[in-house]
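Colleague: Hey, got a minute? I'm new to this one and would like a quick tour.
Modeller: Sure, let me bring it up.

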Amino acid sequence: MTVGESLQVLLIEDSEDDALLAIRALKSSHLRLDWQRVQTVESFCALLKDQTWDVIIADYHLPGFDAPAALEMVQKSDLDIPFIVISGAIGEAAAVEMMKAGAHDYFMKDNLTRLAEAIRREVRDAKVRQEHRDAEVILKQQQAAIEAVIDGIAIVKAGTYLYLNHAYLELFGYEDSTELVGKSWHSLYIAEDVKRLENEIFPLLAQEQSWRGEAIAIRKDGSTFAQEISLTLTEDGTIVSVCRDITQRKQTEQQLKQLNADLLFSNQELGQFAYVASHDLQEPLRKIRSFAELLSERYQDQLDDVADRYISYITNGAIRLQGLIDDLLSYSRVSQAEFNVQETNLEVLLQQVTSDLETLIETRGVIISMDPLPTVLANPIQIQQLFQNLLSNAIKYCQAEVPKIHIGITQAHGTWTIAIKDNGIGIDPQFSERIFVIFQRLHNRNTYTGTGIGLAICKKIIERHGGQIWVDSQEGQGSTFFFSLPSSCDI
């Protein structure tokens with residue numbers, strides 16, 4: 001009982017005077033009481049069901065109702081309430097029988113001096129019993145939860161197993177915990193990891209109280225498997241081990257590593273092939289173009305219109321193929337070139353790009369505005385190429401009388417995002433990803449020149465810098481091309 005807390009007393013007594021006698025004995029010992037008196041089975045059952053009681057004081061014998069019957073009812077209800085018998089003339093044999101039946105104490109009505117002390121003791125003991133029951137319930141719940149966990153859990157002390165859940169046994173191929181409880185954990189791990197755990201991990205565990213890592217475990221049948229382990233050290237030196245089989249994950253990681261290596265090799269071979277193929281195609285293409293031009297010059301007006309048209313087709317085809325090869329070389333060089341990053345002032349870079357495009361800008365009367373741009377860690381040659389491609393496209397695909405381009409920038413989460421907004425013809429959103437694919441064109445060659453490789457080069461440049469590129473556009477409403485660059489040097 002806490003200080004100031006009232007004691008809930010249920011008194012079974014047919015005599016009001018005897019009831020008051022017991023209550024006075026308790027109050028004289030400075031106990032605060034909330035009490036009720038009952039005389040019948042019906043009223044006792046109702047109060048026992050509807051209210052919580054700290055103690056029951058029962059007269060041994062009432063007309064039609066007695067203490068043994070009341071005690072039996074309390075026990076059948078599974079209530080742990082201190083039950084104390086008082087009587088005016090209980091015999092010693094009857095008192096002993098009551099104690100055997102489960103009563104906690106008994107007193108004669110003419111000697112209630114120790115009644116308060118007995119009640120304090122029994123209430124305190126009942127509280128302890130309840131705490132023990134609550135702890136047992138929690139312990140059972142925790143044990144049920146541990147058994148339900150799919151990870152293996154073991155408790156080890158002084159190098160031997162104290163407890164293992166079912167998942168732990170299954171993990172190692174054992175059927176019953178008795179096969180491992182009381183035995184050393186050494187037999188379940190390869191010798192190399194046993195040595196590593198004892199010499200390296202356990203000293204670290206003593207300092208940090210927790211550790212997570214991997215080890216090679218041994219099943220009951222002698223087979224081994226990769227295991228992820230989490231160790232926690234408790235205050236009394238007990239180690240709680242949580243582990244799982246990561247064999248499948250290891251195999252997947254190895255397969256992914258091999259696939260990445262194969263992909264890298266394949267990309268390198270593909271890039272080398274594109275470069276060599278493009279380079280080797282230059283010479284025969286130059287011959288085709290040269291002889292087509294010679295035919296055109298030598299036999300001009302000597303052949304019919306059909307022959308002139310055929311020669312024109314050959315010449316124009318060679319010129320277009322020459323452009324494709326040049327662009328393919330440019331595309332392959334993005335990956336083949338050595339990737340050196342350095343501090344790059346984007347404003348200075350844009351000034352160089354606008355200077356290179358000066359004739360085109362003046363001819364079209366282009367208005368270019370920009371926010372203050374930062375210095376970033378990047379490959380200046382490739383970023384210059386990126387800006388040149390994007391600005392050239394913004395001018396080329398603009399039918400407005402005055403092309404307008406604005407370069408804006410934002411920073412968030414360690415990333416710079418540059419936006420190049422134009423008032424051009426725009427792009428149907430359904431093609432917003434297709435335009436970054438090599439050789440993908442949205443317009444007829446007679447309307448807009450080009451091979452459809454510029455944006456593919458931009459995408460490769462940005463991805464090589466660890467960023468992304470995308471477009472936000474509506475047909476007829478201009479486009480905004482975005483690309484991101486890390487603001488740190490982790491490229």
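Colleague: Okay, let's pick a pair. Which side chain does Arg133 meet in a salt bridge?
Modeller: That would be Asp80, at 3.0 Å from N to O. Keep in mind that this is a predicted model.

Colleague: Where do those two sit in the chain?
Modeller: Arg133 is in helix H5, while Asp80 is in the loop between helix H3 (67–76) and strand S6 (83–87), so the bridge ties together parts that lie 53 residues apart in sequence.

Colleague: And are they buried or exposed?
Modeller: In between. Arg133 has 32% relative accessibility, so it counts as partly exposed. Asp80 is at 27% and is partly exposed too.

Colleague: How many salt bridges are there in the whole structure?
Modeller: A search finds 18. One of them joins the side chains of Asp18 and Lys109, with 2.8 Å from N to O.

Colleague: What does that one tie together?
Modeller: Asp18 belongs to helix H1 (residues 16–27), and Lys109 to the loop between strand S7 (105–108) and helix H5 (115–148), so parts 91 residues apart in sequence are held by the pair.

Colleague: Is Lys109 buried or exposed?
Modeller: Lys109 counts as buried, because its relative accessibility is 15% and the cut-off for buried is under 20%. Asp18, at 25%, counts as partly exposed.

Colleague: What about Arg249, which residue is its partner in a salt bridge?
Modeller: Glu253, with the closest N and O atoms 3.7 Å apart. Both are in helix H8 (residues 247–298), four residues from each other, so about one helical turn separates them. Arg249 is partly exposed at 34%, and Glu253 is partly exposed at 38%.

Colleague: Which residues share a network with those two?
Modeller: Glu214, Glu228 and Lys250 are joined with Arg249 and Glu253 into one network, through salt bridges that share partners.

Colleague: Let's switch to sheets. What is the strand order in the five-stranded one?
Modeller: That open sheet goes S9-S8-S12-S11-S10, with antiparallel pairing.

Colleague: Which strands stand at the edges?
Modeller: Strand S9 (160–164) and strand S10 (210–218). Each has a single partner strand, so one side of each has no neighbour in the sheet. On average, neighbouring strands here are turned by 30 degrees against each other, direction ignored.

Colleague: How many bridges join S11 to S12?
Modeller: Seven, between S11 (residues 224–233) and S12 (residues 239–245), and the two run antiparallel. Thr232 is opposite Val240 in S12.

Colleague: Which helix lies across that part of the sheet?
Modeller: Helix H7 (residues 191–208) lies across S10, S11 and S12, and it runs at about 165 degrees to S10.

Colleague: Last topic, strand S18. Which of its side chains are buried?
Modeller: Ile469, Val471 and Ser473, which point to one face. Trp470 and Asp472 point to the other face and are not buried.

Colleague: Why do they alternate like that?
Modeller: In a regular strand, side chains alternate between the two faces of the sheet.

Colleague: And how does S18 pair with S19?
Modeller: S18 and strand S19 (residues 479–486) pair in the antiparallel sense, over five bridges. Ile469 stands opposite Phe483 in S19.

Colleague: Which residue in that hairpin takes a positive phi?
Modeller: Gly476, with phi near 85 degrees; the hairpin has five residues between its strands.

Technical notes:
Residues numbered from 1 in each chain as written. Predicted model: local features only at pLDDT ≥ 70, side-chain atom pairs only at ≥ 80, totals over all residues. Heavy atoms only, no water. Salt bridge = Lys/Arg side-chain N within 4 Å of Asp/Glu carboxyl O. Buried < 20%, exposed > 50% of the residue type's maximum accessible area, 1.4 Å probe, protein only. Pairing = 2+ DSSP bridges. Axes fitted to C-alpha atoms, helices over the stretch in contact; angles between N-to-C directions. Contact = heavy atoms within 4.5 Å.
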